[in-house]
Amino acid sequence: MGVARPLNTKFTPDHYHQHRQEIVEKGIVRKKHAPSTENNINGLIKKWTEHCIFFKKDRLQFLQLATKEDIMIFMKWILDNYPRVQKQSSLLQYFRQFRMLRRKCVGYSLHAKTMEDVNDYINGYLTTTYGLDLSMREKMVMNVDDVYITLHHHWILDVSIFPDGRQRLQLAFLILISAYTASRPGALVYVERNIKVKKRAFINPDDSSDELDADEMCVDDDPTSPEEDVEALKTACYEDVTLVLLPNPKGIRDILAMEVNLQYTKGHHKKPKRKVFLFSEVNDLVFDAIILMITIAIHDNAFRSEKIQSVRDIFRLRVKQPRHSLELKWKKSILKTPIFRQAVPSVNGTRTSSPKDAKALRYYTYIYYLQRLGYIVGFPALLTGYALRRGAGEVLNALASQGVLQQVMNHKDAGIFQAYINERVQFDVQAAFLGRPSSDAALKATSHGSRYIDPRAPTTLHDSFQQRLRTHPTAVKCRQLRDSLSAEARRVFGSIKKAVGTEIHEAYSQACAALQALKVKLRRGAIKQSRDEFFDTIDTDEIDKQLDLSLLDLEEKHWEPKVVEHTLPERKRVAELICGQPTNSTEEAALEHRILTIEALVALCNVREVQPQQKRTYDRTWGIVDEDAATLVEPDPPGMIYSSKQCPFCFREFCRPRKMREHAENQHLKLYKADELIPCPNPVCEKEGISFSNHELFKNHAATVHESFLFEKFKK
C-alpha cells in the first residue's frame with residue numbers, strides 16, 4: 001500500500017538533500033520482481049549461504065568478490081550436494097538466478113565474458129562429468145478437436161465428483177477462457193500468496209551472521225495485513241466482464257456479446273495494461289462461453305436490473321433506437337466479487353462460497369481439476385493450462401499479425417514465442433518441396449494432443465503393482481518405525497492422544513508423515529509407470545492382434561465407450577442438451593435449445609454432487625484399497641437409532657466413536673453460528689421440523705433419541 005500523496009505541499013531544498021542522503025545510505029535500488037521470482041531467488045540464497053558456511057566465508061562479501069572460478073565451483077557444489085539436480089537446464093536456471101541475486105546485492109551484472117565462460121563450463125565439463133540429462137520433455141499443444149474431446153468427456157462421460165455443480169461449470173468455463181485468450185492460468189484464478197513466507201530476495205549488508213532465520217528474510221509476518229485483501233482481488237471479477245446486447249433487426253432476437261478484460265497478466269505489477277477480448281455466441285453450445293457466464297450471473301443474482309428474473313427475460317430484450325447496444329450491468333455490490341470461487345464447508349456440506357463471503361478459486365484447485373480431467377480422458381501427459389495457451393498461440397501465429405500475436409501472448413518481443421511454438425513443424429515441407437498440395441488434415445491430426453488419447457489407459461493400480469507397494473523395503477521400514485513409536489507411546493502414556501506434546505509423540509507424528517508421503521510417492525510412481533507401459537505397448541499390441549493368424553476367423557470385437565448413467569437428474573439434463581442439437585434447424589428452435597441449456601446449467605449449479613460412501617477396511621499395514629474391487633454403495637436410510645460410530649449429520653461410519661465425535665464437532669456443529677437453529681438431519685425429525693437453539697440441546701437430543709453420544713467422555 002502506498003503512502004498518501006500530500007496535496008499542494010512545497011518542500012524546501014533541505015528536504016531533497018535529506019532524501020538524497022537517505023538514498024545514498026540505503027545503497028542499491030533493488031529491482032521489484034514478481035513474488036514467484038523472489039521465492040526462487042530466496043531458494044538460491046539458502047544454497048549460497050550453505051555454500052559460504054562450508055567454505056567459512058562471509059556470504060555478502062564473497063558474493064561481491066566472486067570470480068568466475070568461484071561461480072563455477074558453486075555450480076559444481078550444487079551438483080555434489082543436491083542429487084535431485086540432474087538436468088542441464090536446471091543448473092543453467094540456478095546460474096540465471098545467481099546472476100539476478102548478484103545484480104540485486106552488488107548493483108551491477110556479471111561481465112559478458114564471465115557469463116559465457118560459466119555457461120561453457122556448465123555445458124561442457126559439468127554436463128560430461130556428471131552425465132546431466134539433456135532431454136527435453138514434449139510440450140502438449142491442444143487444438144479445437146482436443147478441447148472438444150475434453151469438454152465432451154467433462155459434460156457427458158465424467159464420473160468424477162465435484163463439491164457441487166457450480167465447480168463443474170467453472171472448470172468448463174476456465175478451459176474455454178484459457179483457449180480463447182491464450183492466457184496463463186494465473187491471470188484467471190487466484191494464485192495464493194502467503195504473507196508469512198514472502199521473502200526478501202537479496203542479502204542484507206547489515207547481516208552479521210551467515211545463518212538464515214525467519215525474522216531476517218520475512219517482509220511481514222502479520223497475517224491480517226491489509227495487503228492480503230488487496231492480493232485476494234487479483235483474479236477475474238465481475239468488473240472485468242461486460243455482457244452486451246447488439247442489434248439484429250432481421251432476427252427474432254438480438255445478439256449477445258461479451259468482453260473480458262484480463263488485468264492480472266504477467267508483469268501487471270510493473271506495467272499495468274488493459275487487454276480486452278471479445279466473445280460472441282457459438283452455435284455449438286459446448287464451445288459457448290457466454291451461456292456459462294449468464295448461468296453464473298443468474299446463480300449469483302448479479303444483474304443490476306431487478307426485472308431480470310430468468311434466462312428468458314434476457315433473450316426477450318431488444319436494442320432500440322437511438323441506442324446501438326445495451327449493456328447488462330452488474331450490481332455495484334458484486335463488481336469486486338470473484339467469478340470463479342472456491343468451495344468451502346457450510347451447514348449444507350461443501351458448497352461454492354457465496355458472493356457475500358466470496359473466496360476466490362485457488363490456482364492449485366483449478367490445476368487439480370484440470371489434470372484429473374485430462375488423466376481420465378486418456379492423455380498420456382498431464383493436462384495443463386499451458387497446453388491451451390500453446391494451441392491458441394499456434395493459431396494466432398498462422399493467422400494474425402506479429403503485433404497481435406505479441407499482444408495476446410503478452411510477449412515483449414517476437415523471440416519469446418519460440419518457447420511456445422509447436423515442436424512439430426506446422427508446415428508440410430515435403431509437399432512444398434515436391435510442388436504438391438499440402439496434406440493439412442494429416443498435419444493437424446498428428447501434431448496435437450488428441451493423437452495419443454486412449455481412454456483405456458489405467459487410472460488405478462492393478463494387483464501386481466499393489467503387492468509391490470506393500471512389500472517395498474522402504475515402506476516396510478517406515479511402518480516398523482511408526483509401529484514401534486506407537487507401541488512405546490501407548491506403553492508409557494496409555495494412548496497416543498495422551499502423549500501429545502512429548503518428544504515421543506513428535507517422533508511418532510514425523511514417522512506417520514514420512515510414511516504417508518512415501519505412500520503417495522510410491523502410488524503415484526506406480527500409476528505413472530503403469531500408464532507409461534500402457535502407452536508404450538498399446539500400438540504393438542494392436543498390430544499383433546490384427547495380424548494374429550489364429551484370430552482371423554473369429555469375429556472382431558469393437559471397443560465401445562462405457563455407458564454412463566448419471567443419478568442426478570440435473571446432470572443428466574445438461575448432458576442431453578449441451579452437446580446436442582435442436583430437433584429442427586429453425587431460429588426459434590435454436591433459441592429454445594439455448595434457453596433450456598442455460599436453465600439446466602443454473603439448476604445444476606444449485607445441486608451438490610454427493611459422493612457415495614466407500615466401504616474401506618482400515619489396515620495399518622498399508623492402507624491402499626484396490627479401487628476396482630471396492631464397492632460403492634449409497635448409505636442406507638438411517639433409522640432412529642444410530643451406531644456409536646455413525647455421524648448423526650452425514651450418517652458416515654467411522655472406525656472409532658472418538659473419530660465420529662471429532663468429525664461431527666469440526667465438520668458440522670461448528671458451522672452453525674450462536675444464534676442459528678440446528679435442525680436434526682434424521683428424516684423423521686426433519687419431517688417434524690425439530691431443531692435446537694444451541695449445541696448442548698442438540699447433543700442431548702442425539703443422545704436420548706438416537707443414542708448418538710457427542711459429549712466428550714469424562715476424564716478423571
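This passage looks at the internal cavities of a predicted model and then at one residue, Gln 646.

A good place to begin is inside the protein, where two cavities of 30 Å³ or more were found. The largest cavity holds about 60 Å³ of space. Its lining is made up of Phe 173, Ile 177, Leu 188, Ala 236, Val 241, Met 258, Val 260, Ile 339 and Phe 340. By class, these are nine nonpolar residues, with no polar and no charged residues in the lining. Helix α8 (165-181) and strand β2 (255-261) each supply at least two residues of this lining.

Helix α8 appears again at the second largest cavity, where α8 and α13 (363-377) each supply at least two lining residues. Here α8 gives the most, with four residues. The space in this cavity comes to about 30 Å³, and the residues around it are Gln 167, Gln 170, Leu 171, Leu 174, Leu 361, Tyr 366 and Tyr 369. Five of the lining residues are nonpolar and two are polar, while no charged residues take part.

Turning to the single residue, Gln 646 is found in the loop between α22 (587-605) and α23 (657-667). With a relative accessible area of 12%, Gln 646 falls under the 20% cut-off and therefore counts as buried. Leaving aside residues up to four places away in sequence, Gln 646 touches Phe 651, Arg 652, Glu 653, Met 660 and Ser 708.

Technical notes. Residues numbered from 1 in each chain as written. Predicted model: local features only at pLDDT ≥ 70, side-chain atom pairs only at ≥ 80, totals over all residues. Heavy atoms only, no water. Buried < 20%, exposed > 50% of the residue type's maximum accessible area, 1.4 Å probe, protein only. Contact = heavy atoms within 4.5 Å. 1 Å grid on protein atoms, 1.4 Å probe; cavity = no way out; pocket = protein on both sides within 12 Å on 5 of 7 lines; lining within 4 Å. Points joined across faces, edges and corners; volume = space filled by probe spheres on them. Nonpolar A, V, L, I, M, F, W, Y, C, P; charged D, E, K, R; others polar.
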